Amino acid sequence: MTATLAQPVRIGKAAVWALGMLALATGALESVVTPTLPLLQRELHMSPAEGALLSIVLLITGALITPVAGKFGDRYGGKRVLIRLMTVVCAGGLVSAMAPNLPILLLGQVLQGAMVGALPLSFILVRKHLPAGEAKVAIGVVSGLFVGGGMAGTLSAGPVAEGLSRHWMFALPTIAVIASTMLVNRLMPHDPPGSSDDAGIDWPGLVLLSGTLVMLMLVLATAPDLVSQPLVLLALLGLLAAFVAGWIAVERRAASPMVDLRMLARPAVWKSCVLTFVICVGTSVPVYLVPQLFAVSSDEYGFGASATEIGFFLLPGAVAASLAGPIAGVGARRFGSRAVVTAGIVIMVGALIGLAAVHTEVWHLVIGKMLIALANGLCVTAMVTSTATSVDQSDTGIATSLVLVTRVLGFAVGVQASGAILTAATPAGSDVPAESAFVIGFVIAAAVTALSLLVARTMNKGVKE
């Protein structure tokens with residue numbers, strides 16, 4: 001009881017930047033597979049189906065771990081859970097770095113998936129150790145560096161894998177994760193548990209939530225291939241509905257539910273989840289389509305860019321994504337979260353329409369992708385800070401983890417939809433989709449993103465410190 005009542009120690013900039021460095025390193029480690037998937041398929045003799053499994057397994061385990069980590073962090077203390085979680089991530093990175101074959105690499109990716117839970121745990125620590133206004137800025141810094149780390153990993157993975165080996169593209173960011181975890185452990189004070197709840201862990205709710213997320217990711221990953229087998233797709237959708245219904249029934253009766261459905265029903269939480277999902281669907285379309293358009297042969301309508309050139313072209317977007325978090329944190333503090341989200345949506349819609357209308361020069365795509373990366377960072381960071389500061393301190397981890405899970409699901413839906421659009425527009429006997437497919441994708445993404453304004457206009461302005 002004494003630990004619960006103890007006043008948390010105020011942290012300085014060094015501790016915040018240690019969390020930021022950890023976010024940067026984990027973001028880089030998270031993103032190395034996607035740009036190097038063709039290389040991994042060649043070296044490990046993977047089939048396309050096995051390559052697809054490798055590309056989504058980290059997302060699946062991340063979606064499972066995130067709400068659990070947030071709940072445990074709220075209950076047992078953010079630092080205690082964060083350090084243990086990062087130990088698992090470091091082990092996963094080392095396994096991936098040394099993996100001689102696909103099964104071992106899949107095991108490493110499963111362990112690495114725990115890294116997604118680091119963000120809500122970081123938010124718990126920031127919220128406990130800083131005043132509300134400074135916490136918003138710190139959350140923005142951490143979120144922005146995580147996004148920037150993801151872009152840095154995407155840019156560097158190919159050159160490292162080709163210049164050194166695929167083993168080093170996992171090893172280098174893992175070393176950075178180990179070093180930053182040690183720094184956080186040294187600089188961040190221990191935070192007291194957020195609750196003295198003795199009701200125990202909601203294991204039935206945890207199992208059903210895990211089943212729900214696994215089934216959802218499975219449906220998203222296999223739906224394009226199951227269109228010709230509607231009975232199988234309907235069976236998977238039926239299982240998903242059963243998991244959702246069972247989870248809701250269990251959580252409504254649990255003494256200490258894994259996810260308090262009453263909290264999920266709060267406008268600040270569900271609006272942030274809806275907005276995050278829709279905006280990330282809109283963002284993931286150009287994230288997938290722009291590199292594809294760069295790679296299309298210059299004899300067609302593209303630019304015939306190599307992997308190194310594509311990384312160079314995406315660099316401005318990486319910079320914009322890194323800056324978006326701190327900008328959003330400051331903007332939410334001065335103008336309110338609603339203003340930041342609305343501005344981000346308008347920028348993104350304008351950029352998507354611009355890409356649909358004009359994409360004949362490299363700089364068209366570079367500027368468009370940069371604006372979209374900036375807008376996505378502004379929106380997601382503002383919504384996370386709004387959610388984190390609108391719930392009780394004891395609910396910070398689980399509330400922000402719900403927003404982050406919807407971010408993962410939004411990206412998964414957008415990427416699957418983009419792939420389906422390109423596949424449908426590729427003539428038989430050709431591997432080059434029609435140019436109209438890219439236009440259709442950008443237009444659909446703009447329309448979906450614009451619809452989010454209907455929800456954004458109902459958001460509370462947010463506390464301006």
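**Exercise 1.** Which backbone oxygen does the side chain of His-359 reach, and at what distance?

*Solution.* The model is predicted. Start with the position of the residue: His-359 sits in the loop between α15 (337-357) and α16 (362-388). From there, its side chain reaches the backbone oxygen of Leu-355 at 2.8 Å.

**Exercise 2.** Find the side chain that shares a polar contact of 2.9 Å with the side chain of His-359, then list the contacts of His-359 beyond four places in sequence.

*Solution.* Step one: the partner is Glu-435, whose side chain is joined to that of His-359 by the 2.9 Å polar contact. Step two: with neighbours within four places in sequence left aside, His-359 is in contact with Leu-293, Phe-303, His-364, Leu-365, Glu-435 and Val-439. Glu-435 thus appears in both steps.

**Exercise 3.** Classify His-359 and Lys-13 as buried or exposed.

*Solution.* The cut-offs needed are under 20% relative accessible area for buried and over 50% for exposed. His-359 has 5% relative accessibility, so it counts as buried. Lys-13, found in helix α2, has a relative accessible area of 70% and is therefore exposed. Lys-13 also has a C-alpha 8.9 Å from that of Ala-138, although 125 residues separate the two in sequence.

**Exercise 4.** Describe how helix α2 packs with helix α5.

*Solution.* Two packed helices are described by the angle between their axes and the distance between the axes. For α2 (residues 13-30) and α5 (residues 78-98), the angle is about 30° and the axes are 13 Å apart. Angles under 35 degrees count as roughly parallel, so α2 is roughly parallel to α5. The crossing of α2 past α5 is left-handed. On the α2 side the contact residues are Leu-19, Leu-22, Thr-26 and Leu-29; on the α5 side they are Leu-82, Met-86 and Val-89. By class, this contact has 6 nonpolar residues, 1 polar residue and no charged residues.

**Exercise 5.** Do the same for α5 and helix α9.

*Solution.* The axes of α5 and α9 (residues 166-187) come within 8 Å and cross at roughly 160°. Because angles over 145 degrees count as roughly antiparallel, α5 is roughly antiparallel to α9. Again the crossing is left-handed, with α5 passing α9. Residues of α5 in this contact include Leu-82, Met-86 and Val-89, and among those they meet in α9 as a group are Phe-170, Val-177 and Ile-178. The contact has 13 nonpolar, 6 polar and 1 charged residues by class. Leu-82, Met-86 and Val-89 of α5 therefore take part in the contacts with both α2 and α9.

Methods
Residues numbered from 1 in each chain as written. Predicted model: local features only at pLDDT ≥ 70, side-chain atom pairs only at ≥ 80, totals over all residues. Heavy atoms only, no water. Axes fitted to C-alpha atoms, helices over the stretch in contact; angles between N-to-C directions. Helix = DSSP H or I, 4+ residues; strand = E, 2+ residues; numbered from the N terminus. Parallel < 35°, antiparallel > 145°, perpendicular 65-115°, else oblique. Left-handed = near helix turned anticlockwise from the far one by under 90°. Contact = heavy atoms within 4.5 Å. Nonpolar A, V, L, I, M, F, W, Y, C, P; charged D, E, K, R; others polar. Buried < 20%, exposed > 50% of the residue type's maximum accessible area, 1.4 Å probe, protein only. Polar contact = N/O pair within 3.5 Å; in protein donor to acceptor, adjacent residues only side chain to side chain.
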